[in-house]
Amino acid sequence: MLGVRCLLRSVRFCSSAPFPKHKPSAKLSVRDALGAQNASGERIKIQGWIRSVRSQKEVLFLHVNDGSSLESLQVVADSGLDSRELNFGSSVEVQGQLIKSPSKRQNVELKAEKIKVIGNCDAKDFPIKYKERHPLEYLRQYPHFRCRTNVLGSILRIRSEATAAIHSFFKDSGFVHIHTPIITSNDSEGAGELFQLEPSGKLKVPEENFFNVPAFLTVSGQLHLEVMSGAFTQVFTFGPTFRAENSQSRRHLAEFYMIEAEISFVDSLQDLMQVIEELFKATTMMVLSKCPEDVELCHKFIAPGQKIRTYAKKQLFNVAAVDLLVPGVGELFGGGLREERYHFLEERLARSGLTEVYQWYLDLRRFGSVPHGGFGMGFERYLQCILGVDNIKDVIPFPRFPHSCLL
């Protein structure tokens with residue numbers, strides 16, 4: 001305990017930053033600057049990218065955005081300022097006074113005292129054009145730039161908030177977060193659509209496996225969660241999964257993110273369905289409360305008239321499984337109760353010639369087994385569902401699909 005206290009004390013008081021000789025301008029995000037309650041000339045500094053430039057006889061107006069919010073901060077500067085490098089897309093650092101704005105369009109604005117161009121942007125050659133609403137298909141050609149647009153910025157902020165909301169839900173519900181491996185020797189889906197791993201270059205040894213067994217990129221963390229459910233009653237994982245499915249469909253990716261959970265001492269589908277429903281509701285309510293402007297933008301320009309979609313439940317009791325189906329998206333959740341009968345599993349594995357490979361799975365049923373079940377949710381499909389985005393490639397930062405692995 002003494003060691004922990006010493007560590008906490010060291011962390012609390014250690015700092016590599018020198019003490020300033022004078023009080024510098026407070027560095028604020030654009031979001032914090034826009035939300036300032038007392039805009040009475042406080043000197044601040046912001047850093048970001050120019051979204052628009054407008055010059056009048058005596059005044060120069062800039063709108064600067066740093067990705068922290070959909071709305072940009074208006075910067076007002078003297079027209080005599082050298083504005084040759086103040087172009088759409090240029091990165092800048094602005095210091096000045098945060099004051100109440102006379103315009104009804106915004107509450108505050110930044111009266112610039114100093115504008116420093118960090119990185120110039122040639123607007124003519126820049127593929128993202130000012131005031132042009134580019135189609136999402138066009139933006140997919142530029143994965144290194146599309147995050148600078150309003151619509152992708154909104155989607156990615158929503159994605160971030162949804163991620164935090166999911167983790168918060170599971171933590172508040174008493175689940176333990178498990179980091180399941182990306183490299184695995186198991187095929188939990190049994191579909192055979194796997195990416196097999198092999199070392200490249202000099203590391204590759206003919207007729208020999210790096211791990212002594214064939215290894216693949218994971219298609220699901222279910223089997224590893226089943227292991228953990230023998231020690232923890234509620235576990236979950238949230239990470240990338242991979243499918244070598246040769247599909248160009250708007251619903252499929254080669255790399256996508258899955259939320260998976262496993263619960264012990266469960267013998268009813270209703271118990272699983274309750275958690276599924278609560279997860280969906282809690283995550284969506286958090287997104288709506290944290291990102292209302294971003295959600296509104298998506299519904300306005302991507303899916304006009306879109307509201308949070310209703311969904312249908314389809315129970316497949318014959319195999320003790322449940323799917324949650326969403327109009328326009330397809331399967332959003334899939335789950336079920338796990339087979340716990342040792343002899344039944346033993347016979348099935350023997351018929352498939354997999355007894356030796358999955359002996360560990362049988363062992364789970366031999367030593368302290370309990371009834372358990374779980375489910376998985378495709379994260380990108382969830383985002384499609386609540387935002388009305390037609391193509392799954394537009395809700396992930398860097399989409400991977402057949403014949404495309406940009407960056």
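**Exercise 1. Find the residues that form a nonpolar patch on the surface, then place Val-213 within the fold.**

*Step 1.* Start with the rule: a patch is built from residues with over 30% relative accessible area and no salt bridge, where nonpolar side chains (Val, Leu, Ile, Met, Phe, Trp, Tyr) are joined within 5 Å and like charges within 9 Å. A salt bridge here is a side-chain nitrogen of Lys or Arg within 4 Å of a carboxyl oxygen of Asp or Glu.

*Step 2.* The patch consists of Ile-182, Ile-183, Leu-197, Phe-210, Phe-211 and Val-213, and together they have about 520 Å² of accessible area. Areas come from the Shrake-Rupley method with a 1.4 Å probe, and for residues only the protein chains shown count as cover.

*Step 3.* Look for Val-213 in the loop between β8 (183-184) and β9 (216-217). Strands (E, at least two residues) and helices (H or I, at least four) are DSSP runs numbered from the N terminus.

*Step 4.* Val-213 is partly exposed, as its relative accessible area is 40%. Buried means under 20%, exposed over 50%, and partly exposed in between (1.4 Å probe, protein chains only).

A note before going on: this is a predicted model, in which local features need pLDDT of at least 70 and side-chain atom pairs count only at pLDDT 80 or more, while totals for chains, interfaces and linings use all residues. Residues are numbered from 1 along each chain as its sequence is written, and side-chain values use heavy atoms, leaving out hydrogens and water.

**Exercise 2. Which residues have the most contacts inside the largest nonpolar core?**

*Step 1.* A nonpolar core is a set of buried Ala, Val, Leu, Ile, Met, Phe, Trp, Tyr and Cys residues joined through side-chain atoms within 4.5 Å.

*Step 2.* The largest core has 54 residues, and Ile-158, Phe-170, Leu-332, Phe-333, Phe-375 and Tyr-382 have the most contacts inside it. Apart from it lies another core of 21 residues, including Val-64 and Leu-73.

*Step 3.* Tyr-382 is also one of the buried residues of α10. In this helix (residues 379-387), nine of nine residues are buried. Just after α10 comes Gly-388, with a positive phi of about 75°.

**Exercise 3. Are Cys-121 and Cys-405 buried or exposed, and how many disulfides are there?**

*Step 1.* Cys-121 is buried, with a relative accessible area of 9%.

*Step 2.* Cys-405 is exposed, at 56%.

*Step 3.* Taking a disulfide as a pair of cysteine sulfur atoms within 2.5 Å, the count comes to zero.
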